[in-house]
Every structure is written in C-alpha cells, then in structure tokens.
Amino acid sequence: MITLTTYQEARDAFRRRDFRQALYDDGHHLMRGVIVNLHGDEHIARRRLENRLFRRDTFTWYERDRIPRIIDAVLAGPIAAGRGDLLPLARRTMTTLSIDVAGVDIPAGSGVDAQQVFDRLAELMERLARASTVAHATGDKQQIIDDGDMALRAFSTEFFEPSLARRMALVEKLEVGELEEAELPRDVLTTLIRNSDRLELDPETVLREVAYFPWVGSHSTSAQLVHAMHHIFVHLEHNPAHRSALEHDDTLRQRFVHESMRLHPASPVALRRATEDTALKSGRAIPAGETVAIDVEAANRDREVFGHHADAFDPERTLADGVAPWGLSFGYGTHACLGQEIAGGIEPADAIQHHLVGAVALMAGAMLRAGARPDPSDPAINDTNTTRKMWGRYPVVFG
Ligand code: HEM
C-alpha cells in the first residue's frame, strides 16, 4: 500500500479517475451499488441524478427551515433539564436531518413511542456504519459484518418499505395530475424512485443507497459537532470575553467549525485502488492494482500548505488560494461530499445570494446561546471502541 501524506498528492489522488474507491472492500456487500462505492460512468450517472436534489435552493431550504426546527426540538428537553451529553444530542439532530435527506419516515407516534422508534433507527444506523467501515473497527470483524447484515434487513422492514410505499403512492398521484411537483418530498428516495428505470436500479440497490445516507450524514456530522464544541470551550477558557461573539456571529463560529474539521477529519484516511498503471502529478508511479491510502489527517496538517503551526487550532489562519479551510475533510473531486453544504455551509466569499453556515455551526450556536459549557462534575472521555480519535461522552450543562 502506498500512503500519501502531503496535501498536493492527497488532493491529486482524490481527483484521479483511474483510482477507484477501496475503503469499503471489507464491508463491500453492504455497500454494493452505493454512490460512494461506484466508479466511472456508473458513478457519474448516479451523481448527476442525485445532484438534482443537492442544489443550492435545497440547501437553503434546509438551513433556513428544517435544521433550526430540528435543533430546537432536540435541545428543548436538555436545556429545560439544565444538562445533556453533546454526543447523543448531536446524533439525534444529525440523524433526524439525514433521514430527512434520505427520505426515511419515522412512523408517527407520540411521546415515549416516538423516542423509542427514533432510538431503534439510530441503533440500526450505528450497526450499519460500523459494519461498512469495518476496516477501522476494533474487535471481531466478521461478527461486525454479520451484525450489519441483520441491521440492514431490520431497517428494510421497519423503515424503508413503509417510506417507499408512501413515496410510490405520491409519485403515482403526480403522474395522474392529482399532485403538484412542489408537493413531493425533497429527498434521495423520491429522486431515485422517479429515475430508477433510467438508471436500472434494482430495489436492493435503492435500499442500500437510502440506508447509506442516514449513517454517513449523521456519524460524520455529529462527531464534527463534538470536536468543534471542544475547541470552542477550550478557546473560551482562555478568552471568556469572546463568548458573545461566538454565540451570535455565525461567520466567526463557522470559521471555528471549519478549523476543527481540518484538524479532525471524520474520515481520516480515504482508500483508492489504481485501475491501471499511472503516475501522480508529483511523479510518483502507482502500478495497476496498488492500494493508495490518502492520509487526510496528515494532508490537512501539511506545513507547506497550512504553515509551521499547522497542528495548532487557529481559526484565523491565512489560507492560500484554492485551499479550503476544512482542508480535504469533505474529500475532493470525483467523490467529494454531496452533503458538504448541509453540514459545513459555504464560505461567505462563495455565497451567491445567501451565506450558508451549515448544520454544525448552527447547532453549536444554539447550544452556546443556551449557555452550554463542560460539566465540571462529569469530565468528557474518549471513545475506546475505535482506532479513530473520537469523543465517547461529552457532558455539558446549560444555563
Ligand atoms: C461534517 C460532516 C461530513 C463530512 C466530514 C463528510 C465527509 C465526506 C467525505 C470525506 C466524503 C468522500 C469520501 C471519499 O472520497 O471516499 C464524503 C462523501 C459523501 N458524503 Fe459526506 N460528509 C459529511 C456529511 C454529509 C452529509 C450530511 C451527507 C448527506 C446527508 C453526506 C453525503 C455524502 C455522500 C452521498 C457522499 C458520496 C459522494 C460520492 O461518492 O460521489 N455527507 N463525505
């Protein structure tokens, strides 16, 4: 395996069309036909299709309408109780958001029932995520993969099939003129149903694609929220007078979030396999069949690009043209993250009409304004179930 640790080589590798995805080889059958695992024309066709949904107007709708309502609903209870744990709060917010994007309905229920249904979905997503990225897992890998299979079957029966039936009925109504286009849900499942004939998508592929979104969207995003809050808390410890600015200045808070994303990429290593003999722009030869590890964490700390203090948290750092403040944390080129604008927003300079802050900075702002600070009686601890650097618990108090 060849490991790329410089920013330039990593970015080049992300753009190569003669490199195919290799991160999910161990969990392949769960990820068969899923966008992030496709290559070449098949990938381009799927991406083109899903881009119909992932447009700036959809992102703006999420940011202005849907995300604030989800955050308010999740935070209301913990704020009233005066305490909560950042990790489950982030998971709940980001899972709700991601299942919305995927097109998975939470069956209507009330009170405790609705909570139980949600917890069940989150548990299934957790198991799927673990099985699909089994390369990073500690413990018995085969057992994790088998468990992922069971989770997918349960997800299909309990969530996917009812969501599919509801959308099929809506699409039929549209076809006979009983429904307007604007009344259809704006989600991946609806987009796939309407185009499945054209792309020859079989039902199992649609199931796996729809199951992929909630876990990819919620896991990475919730981990980012906890990392960002940690950096904000550390910063406030040394600069308490900055609290008000971080509570109310979206652009400033977004810079903190992006800098945190650079230091703690949710996918610290991307894997690719060369489909033919090739060479990187740097001149490095890569033989056909070779696996290439793109060390995003190292590339994001490349001193040539991010300066001598690349390892430090500095949201005010100066960046060269074309270098994103989050480094390569959303990938780059061919498979670049489709949910990037939902999670991280856009940089103010790239805004055409509206600046988008992104779900992570929005939630950080809501928590700071509610007085969030680390719980002095219950210190945060790291997650020991993975080789990735993640927080396992992060208790906070509000008020
Ligand atoms: C902070 C949060 C997020 C981070 C750091 C992140 C990171 C990434 C990265 C690094 C990739 C590229 C993988 C590769 O090249 O092998 C990726 C792809 C992807 N992400 Fe995200 N992601 C985030 C949130 C989301 C959300 C919220 C969604 C959707 C709801 C999403 C949907 C996708 C999809 C569909 C792809 C595959 C695109 C393709 O293969 O063409 N992500 N993401």
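**Ligand site and a three-stranded sheet**

H43, R47, R272, H335 and C337 come nearest to the ligand among the 27 residues around it. The model is predicted. The ligand carries an iron atom, and its single donor from the protein is C337. Away from the ligand shell, this briefing also covers an open sheet of three strands.

**Iron**
- The SG atom of C337 sits 2.3 Å from the iron.
- C337 belongs to a loop; α13 (303–306) and α14 (340–344) flank that loop.

**Polar contacts to ligand oxygen atoms**
- R47 places a polar side-chain atom 2.6 Å from an oxygen atom of the ligand.
- For R272, the distance from a polar side-chain atom to a ligand oxygen atom is 2.7 Å.
- Q21 has a side-chain N or O atom 2.9 Å from an oxygen atom of the ligand.

**Shell around the ligand**
- The shell holds 14 nonpolar, 11 polar and two charged residues.
- α9 gives the largest share, seven residues.
- Both α3 (40–50) and α9 (203–238) supply at least two shell residues.

**Sheet**
- The strand order is β3-β11-β8, with antiparallel pairing.
- β3 (83–85) and β8 (373–374) are the edge strands, and each pairs on one side only.
- β3 and β11 (395–397) run antiparallel and are joined by three bridges.
- Opposite D85 stands P395 of β11.
- Helix α5 (86–102) packs on the sheet and touches β3 and β11. The direction of α5 makes about 75 degrees with that of β3.

Key: Residues are numbered from 1 along each chain as its sequence is written. This is a predicted model: local features need pLDDT of at least 70, side-chain atom pairs count only at pLDDT 80 or more; totals for chains, interfaces and linings use all residues. Side-chain values use heavy atoms; hydrogens and water are left out. Donors are N, O and S atoms within 2.8 Å of the metal (3.2 Å for Na, K and Ca); water is not among the atoms, so sites may look incomplete. Helices (H or I, at least four residues) and strands (E, at least two) are DSSP runs, numbered from the N terminus. A residue is near a molecule or strand if one of its heavy atoms lies within 4 Å of it. A polar contact is a pair of N or O atoms within 3.5 Å; within protein, one must be able to donate a hydrogen and the other to accept it, and residues adjacent in sequence count only if both atoms are side-chain atoms. Ala, Val, Leu, Ile, Met, Phe, Trp, Tyr, Cys and Pro count as nonpolar, Asp, Glu, Lys and Arg as charged, and the others, Gly among them, as polar. Two strands pair if DSSP finds at least two bridges between them. Contact means heavy atoms within 4.5 Å. Axes are lines fitted to C-alpha atoms, for helices over the stretch in contact, and angles run from 0 to 180 degrees between N-to-C directions.
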